[in-house]
Amino acid sequence: MEKEVKVSISILNSNFLNLENEILRAKKVGIDWLHFDVMDGHFVPNISFGAPILSCIGHKFNMFNDVHLMISDPEKYYEDFVKAGADLITFHYEAFDSIEKIHDLIDKIHKKNVEVGISIKPNTDVRVLLPFLDKIDLVLVMSVEPGFGGQKFISSSLEKIRILSEYKIKNGLKYLIEVDGGINDTTFKLCKKEGVDICVIGSYLYKSDNMLESYKKLEE
Ligand code: DX5
Ligand code: ZN
């Protein structure tokens with residue numbers, strides 16, 4: 001039976017003036033993961049939004065809050081996002097200079113009963129994640145340079161998904177594989193073929209003039 005790939009919709013390119021309606025639009029087509037792209041203007045060359053916005057959303061829509069911290073000091077801010085309603089917090093491998101500090105943050109987030117993801121940028125070798133794969137809940141493969149929605153999919157991400165998928169099966173591990181950036185009806189299928197579990201999608205859905213039609217095209 002073909003594995004179902006979940007969509008986590010990124011509100012980064014939604015209409016913030018009408019965020020409630022933008023989230024309801026996604027819910028209406030059947031999406032139940034909300035991807036929350038936090039950017040600090042330091043780790044990435046853009047500033048987006050922070051915990052206060054997430055706390056307004058909370059779990060009002062009964063969606064899974066998939067928080068992506070593209071920030072330099074995730075260990076300083078993760079608790080704000082736990083309090084604001086994060087269900088999963090993903091931080092970047094590249095924001096750390098030691099394996100011990102990464103293990104430490106994984107344990108601290110798990111102690112708050114929140115799931116943990118680690119993300120790698122396009123130029124980071126997927127093997128750097130090997131020390132963590134038996135304890136994290138999700139790996140986020142960036143298929144664009146983090147910082148902006150609407151960019152073109154970087155195809156070297158497909159090999160990372162394949163490596164992660166094979167490693168997971170071979171070692172009986174549970175982490176989910178998520179990909180983020182430039183996902184549309186074509187790249188969705190390419191990632192699915194390599195074993196991805198979740199696709200983060202922003203502009204392909206929010207910039208579409210018919211979100212339901214575009215959503216259905218993913219699996220057609
Ligand atoms: C990049 C962001 C984007 C966003 C989705 O830092 O993480 O990848 O979520 O962008 P789209 O789907 O518009 O490429
Ligand atoms: Zn993201």
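The following chat looks at two pockets and one helix pair in a predicted model.

Trainee: What kind of model is this, and how is it numbered?
Mentor: This is a predicted model, in which local features need pLDDT of at least 70, side-chain atom pairs count only at pLDDT 80 or more, and totals for chains, interfaces and linings use all residues. Residues are numbered from 1 along each chain as its sequence is written, chains are lettered from A and ligands numbered from 1 in the order written, and side-chain values use heavy atoms, without hydrogens and water.

Trainee: Which residues line the second largest pocket?
Mentor: The lining consists of V38, D40, F49, G50, A51, I71, S72, D73, Y77, D80 and F81. On a 1 Å grid over the protein atoms alone, a pocket is an open set of points where a 1.4 Å probe fits, with protein on both sides within 12 Å along at least five of seven lines; lining residues have an atom within 4 Å of a point.

Trainee: Which helix gives the largest share of that lining?
Mentor: Helix α3 (residues 74-84) does, with 3 residues; helices are DSSP runs of H or I with at least four residues, numbered from the N terminus.

Trainee: Changing topic, at what angle do α1 and α8 cross?
Mentor: The axes, lines fitted to C-alpha atoms over the stretch in contact, with angles from 0 to 180 degrees between N-to-C directions, cross at roughly 45° and come within 10 Å. The two helices are therefore oblique to each other, being outside the ranges under 35, over 145 and 65 to 115 degrees.

Trainee: Which residues meet there?
Mentor: R25, A26 and V29 in α1 meet M211, L212 and Y215 in α8, with contact meaning heavy atoms within 4.5 Å.
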